[in-house]
Amino acid sequence: MHESAILTLALLVLVYGLLSRRLGEGLVTPPLAFVGFGMLLAPQALHVVGLPSPFDHADGLETHAEGLETAIHWLGELTLIIVLFADATQIDLRALKRGAGLPLRLLALGMPLTVALGAAAAAPLVPGLGPWELALLGAVLAPTDAALGQTVVTSPKVPLPVRQGLSAESGLNDGIAVPLVVIFASLAGIGQVIGGEERTTRECVEFAIGQVTLGPLVGWVVGAAATWALGWAIREHAMDHAYHELAGIAIALIAFNAAGLVGGNGFIAAFVAGLVLGASKTPEICRRLYDFAEAESQLLMLLTFFLVGLGLAWPTLLEAPLSAWIYALLSLTVLRMLPVALALARSGESTRTVLFVAWFGPRGLASILFGILILEELHVPNAEQIVQVVLLTVLLSVVAHGVTAAPLTRLYARGLSTEERAAADAAMDAMLERPGQDPVRKRALTG
């Protein structure tokens with residue numbers, strides 16, 4: 001990469017980092033800042049005022065769409081592998097089942113309803129898509145990304161059960177969405193011509209089955225083998241602490257690539273391997289891995305959003321038809337809020353809490369990566385049209401959820417009664433203090 005491009009990126013990361021706490025308390029979230037940086041430095045913006053872009057001639061970072069898609073694909077893929085694996089190591093399914101009615105409702109009821117309603121709404125607004133393509137669009141836009149409204153899941157003003165619900169939903173729905181995206185994309189690809197040959201129904205179905213069965217199997221095998229190896233290394237004092245974090249990242253990458261070699265889905269494999277490791281008796285490694293992955297994935301996420309702003313944002317915003325804008329706005333409002341309201345019906349949550357949870361369903365990194373996968377690997381008809389809608393929705397989400405996270409969190413907290421806050425926190429504290437609940441699990445539950 002050209003020296004001026006590297007210098008520009010480094011300065012942006014440093015400047016935002018120096019002001020990150022104060023900016024985070026206001027209206028500027030990291031994704032919003034870096035999408036904005038990218039748009040300001042994009043050739044479309046700089047050439048208007050007669051300035052050259054430092055990225056015009058950067059090797060490997062062409063401003064042409066194909067080069068940017070490749071860079072975003074690589075960065076987004078690596079980030080999602082790390083995030084899926086690290087989040088999975090922190091999940092305690094038994095604890096969620098005992099005390100997390102909110103995330104279970106959001107995942108088991110809200111997410112399928114979001115996919116179905118998203119597909120139905122796309123039929124009149126995104127013309128030309130077949131049934132499986134409509135379902136694919138709904139699935140791509142179903143996962144949420146807590147990073148776009150980080151204040152919501154980190155502010156102590158928000159009761160712990162609500163923070164836990166949104167954080168657990170964001171951490172789990174990426175892994176749940178992967179098989180849906182693969183299946184719908186495979187079925188949508190029936191009849192597509194690849195390499196001069198038409199893909200048959202049998203080939204597409206076999207591909208989908210292999211992805212969603214071999215992926216989990218490989219993930220379980222890799223996770224189990226890694227758990228045994230790590231346990232042995234710890235018992236024998238053979239492993240230096242500095243390699244705990246690196247071992248975790250290596251396990252995630254091994255699971256991802258091993259699944260690809262046998263026809264399984266690598267993202268599912270990484271997620272399952274993380275679940276297996278998280279269920280083991282290696283809390284120290286899980287804690288170190290999560291700390292390491294949190295910083296690494298944050299940097300990769302910022303770079304991905306920067307590239308989206310640099311090369312994909314302006315074409316998407318300028319070329320998207322009105323119907324795509326309408327669908328994107330619906331996706332962030334009705335298509336998210338109605339399923340959440342239905343999922344939380346008779347849950348005992350107040351109307352204020354239901355509205356708060358329903359609004360904060362940002363679309364982010366996972367949706368971007370799924371879109372790039374549709375373009376480059378999954379061979380879906382009308383892929384460019386689907387990706388345009390996905391990118392537009394994510395860009396609107398970056399702005400809408402970024403600027404509303406802090407003020408709406410304060411507004412929501414002010415409206416809670418003292419009794420509501422005390423009862424919610426006492427209930428969560430009681431669950432977290434159960435005998436045998438180790439610190440890693442506690443951290444996962446509190447988001």
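Is N382 buried, partly exposed or exposed, and at what relative accessibility? The points below take up this residue and some others in what is a predicted model.

1. N382 has a relative accessibility of 35%, and therefore counts as partly exposed, since that class lies between the buried limit of under 20% and the exposed limit of over 50%. The residue sits in the loop that joins α17 (365-376) to α18 (383-415), and its phi is near 60 degrees, a positive value in a residue that is not glycine.

2. R346 likewise deserves a look at its backbone, for its phi is near 60 degrees, again a positive value in a residue other than glycine. The loop that holds R346 runs between α15 (334-343) and α16 (351-359), and R346 is exposed there, with a relative accessible area of 85%.

3. Helix α9, which covers residues 160-188 and so has 29 residues, spans 41 Å from its first C-alpha to its last, close to the 42 Å expected at 1.5 Å a residue. Along its course α9 bends by about 30 degrees, and the bend is placed at N173. Of the 29 residues of α9, 23 are buried, so the helix is largely enclosed by the rest of the structure.

4. T79 belongs to helix α4, which comprises residues 65-89, and at 0% relative accessibility T79 counts as buried. If its neighbours within four places in sequence are left aside, T79 is in contact with S297, L300, M301, T304 and L365.

Technical notes. Residues are numbered from 1 along each chain as its sequence is written. This is a predicted model: local features need pLDDT of at least 70, side-chain atom pairs count only at pLDDT 80 or more; totals for chains, interfaces and linings use all residues. Side-chain values use heavy atoms; hydrogens and water are left out. Helices (H or I, at least four residues) and strands (E, at least two) are DSSP runs, numbered from the N terminus. The bend at a residue is the angle between axes fitted to the seven residues ending there and the seven starting there. Buried means under 20% relative accessible area, exposed over 50%, partly exposed in between (1.4 Å probe, protein chains only). Contact means heavy atoms within 4.5 Å.
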